[in-house]
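Reader: I'm new to this one and would like a close look at a single part of it. Could you walk me through what I should be seeing there?

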Amino acid sequence: MNHVIVGLINKKRRMAVFLSRLMDKKSWSIKDSASKLSFETAGGGNWDEWDRYISIEGKKAFHIGNICGTCEFFFERLDGANQGISPKVVSTALQEGISKLDDEFLSKVSLILPNGEYEVSLIEANPKLVDLGKEEDYFSNEQIQVWGEDEFWGLPHYPKIQYYRSLTKELTHKSKLFEFVVPTFPVHWLNEGTVDKYKSLISDGSRPAALCLSVLDIKEPADYEAHTDHPQHWCLTHYVVDGHHKIFSASLLNKPITLLSFLAKKECIADEKDIQELFRSF
């Protein structure tokens, strides 16, 4: 993507209200999939399974945090994400947009996602592209307010990818929900012509959909000051499988877009009760 797109980012970026709306939801099971996507774990310290990853064709694409409920939330793009994913079987339907969850369509999407138990949802999101290190960056602000900076580096976490934020909402006096949309590709890899196409479609009222593999992590420090603001963070993260141009275009226009989210329940740092409470909060 050339300097024109980069200029658009700087010219049209403005602070958006972090809001989302739940349009539809249903439980879904995927079996016998031959997906190139997979969830993996790796040991650390005295733990056989500590770090969690999303891999593409066996290569780690995202480090999606660890199993520790008191450690800080994080994600980090890895070299395995350079491969990309091209689910052509569902691209036309996603481009046209979807307003409800249809079993036949979900069966087609299931062919490109890992086996597992899911809560599938349609979410109307208003994605805001984040400048790393600035006031809208979760890792430089809300996370540091609770966990502080890295003890060794003395710096905020660096996710190695520009990401989007959507819903941010107080759940209780103690807990807060943060919604993230994490692309596989950086925005400067996107095609300017495709971005212009989706900007035109969205401006004309279309609502194309993006496909995401999602995880909920609930994190809270073991020890914190009594005055700490919302120490429990509910972090809902959508890793983009298809729809990078659509999401970026919607962000430029400050317009909503539909996320088709497959929340992988067994990969969450949250239980079934928490997951259902998450969807009631939209």
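Leaving aside its neighbours within four places in sequence, which residues is Phe262 in contact with?

Author: Happy to. Keep in mind that this is a predicted model. Setting aside neighbours within four places in sequence, Phe262 is in contact with Trp28 and Ile30, then with Leu106, Val109 and Leu113. Tyr118, Glu119 and Val120 are on its contact list too, and so is a run made up of Leu211, Cys212, Leu213 and Ser214.

Now step back a bit. Phe262 belongs to the largest nonpolar core, which has 58 residues, and together with Leu113, Leu216 and Leu260 it touches the most other members. The element giving the most to this core is strand 10 (residues 209-219), with 6 residues. Apart from this core lies another one, of 19 residues, including Ile123, Leu129, Ile247 and Leu259.

Back to one of the contacts of Phe262, namely Cys212. Cys212 is buried, with a relative accessible area of 0%. The closest cysteine sulfur to its own is in Cys268, but that is 14 Å away, so the two are too far apart for a bond. Cys268 is buried as well, at 9% relative accessible area. For the sulfur of Cys268, the closest cysteine sulfur is in Cys235, and at 12 Å that is also too far for a bond.

There is 1 disulfide in the structure, though. It joins Cys68 to Cys71, with 2.5 Å from S to S. The torsion about that S-S bond is about 85°, so the disulfide is right-handed. Cys68 is buried, with a relative accessible area of 13%.

Conventions:
Residues numbered from 1 in each chain as written. Predicted model: local features only at pLDDT ≥ 70, side-chain atom pairs only at ≥ 80, totals over all residues. Heavy atoms only, no water. Disulfide = S-S within 2.5 Å. Buried < 20%, exposed > 50% of the residue type's maximum accessible area, 1.4 Å probe, protein only. Core = buried A, V, L, I, M, F, W, Y, C linked by side-chain atoms within 4.5 Å. Helix = DSSP H or I, 4+ residues; strand = E, 2+ residues; numbered from the N terminus. Contact = heavy atoms within 4.5 Å.
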